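Subject: Structure for your review

Dear colleague,

Please find the structure below, together with its sequence. My notes on it follow.

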Amino acid sequence: MEISPLEKAAVATPKRFRRSIQRLSDRAVAWIFVGPTILLLLAVNIFPLVWTIRLSFTNYRANRPNADVKFIGLRNYERILTDSDIWQTMQATAHFLCWTIILQVAIGFALAWLINRKFKGSGLWTTIIVLPMMLSPAVVGNFWTFLYQPQIGLFNYLISFLSGVDPSSFTMIGEVNLAPWAIVIVDTWMWTPFVMLICLAGLRSIPDYIYEAAECDRASKWRQFWTITLPMVLPFLMLAVLFRGIENFKMFDLVVLLTGGGPGSTTELTSINLKREAFEKWRTGYASAYAVILFVTIFGLASIYVKALNKVKDR
Amino acid sequence: MRKIGIVVAIVFASLATSSAKSADLTLCWAAWDPANALVELSKDFENESGHNMSFEFVPWPNFADRMLNELNSGGKLCDLMIGDSQWIGGSAEAGHYVKLNDFFDAQGISMDDFIPATVAGYAEWPKGTPNYWALPAFGDVVGWTYRKDWFERPELQSEYKDKYGRDLGVPMTLEELKDIAEFFQGRDIDGKTVYGAAIYTERGSEGITMGVTNALYNYGFEYGNPDSPYELEGFVNSDGAVAGLEYYKALYDCCTPPGSSDWYMSESIDAFRSGLVALQMNFAFIWPGVHADANVGGDRSGYFPNPAGPGGHFAQLGGQGISVVSYSGEQDAALEYIKWFAQPHIQKQWWELGGYSALRAVVEDPGFATSQPYAQTFLDSMAIVKDFWAEPAYASLLLAMQDRVHKFVVAGQGTAREALDGLVEDWIEVFEDEGKL
């Protein structure tokens, strides 16, 4: 009879060691397995967080390793919360966040609803629609910078064709009023397919018999949409909003490539501002306090949102 | 006996050769045309010394980020660093660069042999003291390129004279420059709409500051009270400085191509080479490339220094010095490179390959001014240079200026006075944090 590798290992284990293992409780065995992962998590997540919180109360600068580090209490927090420029970046972030989510959810849901009707070639259309989100943000940023060029950009020519306005009379990424919308348009173009896929999963999870029962009850299409489709897709939609919200709160690459935060600081989102403070001005203590404030904000909002999501799911 | 002597001599000679072991040196710089010329030049060094040279070139917009991170983390990637002039204070005080005074003394390298502005700008810290942390490697300055062929068109010359009462030629003042840019703005030339001037407006790194200072200096802006360091009020935001900032905004509003809200060196070059603009503000390093360009090169383009303003005649200094990184494991070989690079015949070759030598023996040679069509403009420009802060906190000072100036010039937020008053506040805060106020 052939001996299994497990049995071989058991035979090869010294007697004393085998006995001590056999005496271990289930809880101890569980800790042995989970321990390395917990240690890794502590090292790469918890320790940096604690260290960041500690630095946020100091005047530490990473580019001056030999300089004295002073404990300055809440001074960094006070400076951040009273700085009008920081509030301006918060406003820019809120504008970007709200409009991208509204547009992506509206267009994503509409596209999913259309694709779900299963017409001829729907598979091909799904692939075409999903393409933008497969591209690298660096490619998308550079690509749209060309599209927005007043002299050669297709976007300006399209607007010119539709409205009769001279294409070189406006610059999407160079004007204060247009630049915030320029970044919203690009993010919406890139990430609407992601929302569409989540909505499509939600729509396809609704059993047909519910619609058949509604048809028997002579419910109109409009009523079916409001009482069946939307409530059943809502948890999926909320999940999409959560993902896009977290992603766009920390948006960096796409916007840096498109506008660099300008003109002025019109499109300087919080993550761009934070990077400038931390790695260009090298105000490490100040930037740590800034990061802590952002972390608490995202964590707080996400927690409230997840509770609401769970309530919707439980309904 | 004689044979034994020869054998012994050969053995010793071979031992001596093998003891001077070859090193692998990495030189870090920005990715641009002069860097390619340096690669070519350095082949001589490899042949002479037996050392191997590698190069790490980073595009300008990321150059400071990438290289300052490298230095701040004590990285060993770079043995030699051609760092920007403004890094000298921070790099000297943080110990990133090796102090070169003893080496220069031992090798007979004298800073008197280099253009004084480049020594002050690229090598000294603290400024005005004989403490050297770099050898001037690449002299550079902001100047202007113009479409000579357009300027020489009789119909445009007569139209310009009728409109402005003077000849269409190289502008002597900033106001004249603006008139010329305005004249060309939106004009149809050979069936194509062209624009006045490509100027620096870039926000992310240092672009708009390197551009606006060419107007500010010439209208009376100063970095502080010359008699009292760090006294900024009334100097940074003087009436002249406000007028200079208003001038730059007016130039941006009236005379630049649409969409030029975030332009720096490469965008300006592209605009000029593609025939989009009549004038181009840019560092002198681009001139060899312009001269050789198939579309705009040769006699079709001309060069002139930054024109004077009502408050003086200055131009923004660019360029860099070459330093030995203190974290390098090959410091001796790196110093050997600097010694080789400082030689007059190598500096002459450097100029011939497209590098702007800062050695006086090269630029004061009688044949230098006529050696290239832009050589005289380079000399004239180097005589009027002024540089940005080179303090250890230069990055904070620079970003504050980028922010304030871009908000006013490009985004049109607030007034010039508010922008400069805000800049004074920002800079005072930086110097307070630094313990200098």
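In chain B, the charged end of Arg187(B) is placed over the ring of Phe183(B), at 4.0 Å from the ring centre. Please bear in mind that this is a predicted model. An arrangement of this kind also occurs in chain A, where the charged end of Arg117(A) sits over the ring of Trp113(A), 4.8 Å from its centre.

Aromatic pairs

Counted over all chains, there are 69 aromatic pairs. One of them joins Trp32(B) and Trp60(B) in an edge-to-face arrangement, with 5.1 Å from centre to centre and 90° between the planes. Trp32(B) belongs to the loop between β1 (24–30) and α2 (33–49) of chain B, whereas Trp60(B) belongs to helix α3 (residues 60–72) of chain B, so the pair ties together parts that are 28 residues apart in sequence. Trp32(B) and Trp60(B) are both buried.

The interface of chain A and chain B

The contact between the chains draws on 31 residues of chain A and 27 residues of chain B. Together the two chains bury about 2400 Å², and carbon and sulfur atoms account for 39% of that area. On the side of chain A, the residues that lose the most area to chain B are Gln151(A), Gly264(A) and Arg276(A), which together make up 20% of what that side buries.

As to polar interactions, 6 salt bridges are found across this interface. Among them is the one between Lys275(A) and Asp65(B), whose closest N and O atoms are 2.7 Å apart. The interface also holds 11 residue pairs in polar contact, both residues being at pLDDT 80 or more. Helices α5 (84–115) and α13 (270–279) of chain A each provide at least two residues of the side of chain A that touches chain B. With 3 residues, α13(A) gives the most to that side.

Helix α13 of chain A

This helix merits a closer look. Of the 10 residues of α13(A), 8 are buried, and the helix is thus mostly covered. The buried residues are Thr270(A), Ser271(A), Ile272(A), Asn273(A), Leu274(A), Arg276(A), Glu277(A) and Ala278(A). Arg276(A) therefore appears in both accounts: it is a buried residue of α13(A), and one of the residues that lose the most area to chain B. Within chain A, the buried residues of α13(A) pack against α5, α11 (221–249), α12 (253–258) and α14 (284–314), and in chain B they pack against α18 (394–409).

With kind regards

Note on methods: Residues are numbered from 1 along each chain as its sequence is written. Chains are lettered from A and ligands numbered from 1 in the order in which they are written. This is a predicted model: local features need pLDDT of at least 70, side-chain atom pairs count only at pLDDT 80 or more; totals for chains, interfaces and linings use all residues. Side-chain values use heavy atoms; hydrogens and water are left out. Rings of Phe, Tyr and Trp (its six-membered ring) pair if their centres lie within 6.5 Å; planes under 30 degrees apart count as stacked, over 60 as edge-to-face and the rest as tilted. Helices (H or I, at least four residues) and strands (E, at least two) are DSSP runs, numbered from the N terminus. Buried means under 20% relative accessible area, exposed over 50%, partly exposed in between (1.4 Å probe, protein chains only). A charge sits over a ring if NZ of Lys or CZ of Arg is within 6 Å of the ring centre and within 35 degrees of the ring normal. Contact means heavy atoms within 4.5 Å. Buried area is the accessible area (1.4 Å probe) that two parts lose on being put together, summed over both. A salt bridge is a side-chain nitrogen of Lys or Arg within 4 Å of a carboxyl oxygen of Asp or Glu. A polar contact is a pair of N or O atoms within 3.5 Å; within protein, one must be able to donate a hydrogen and the other to accept it, and residues adjacent in sequence count only if both atoms are side-chain atoms.
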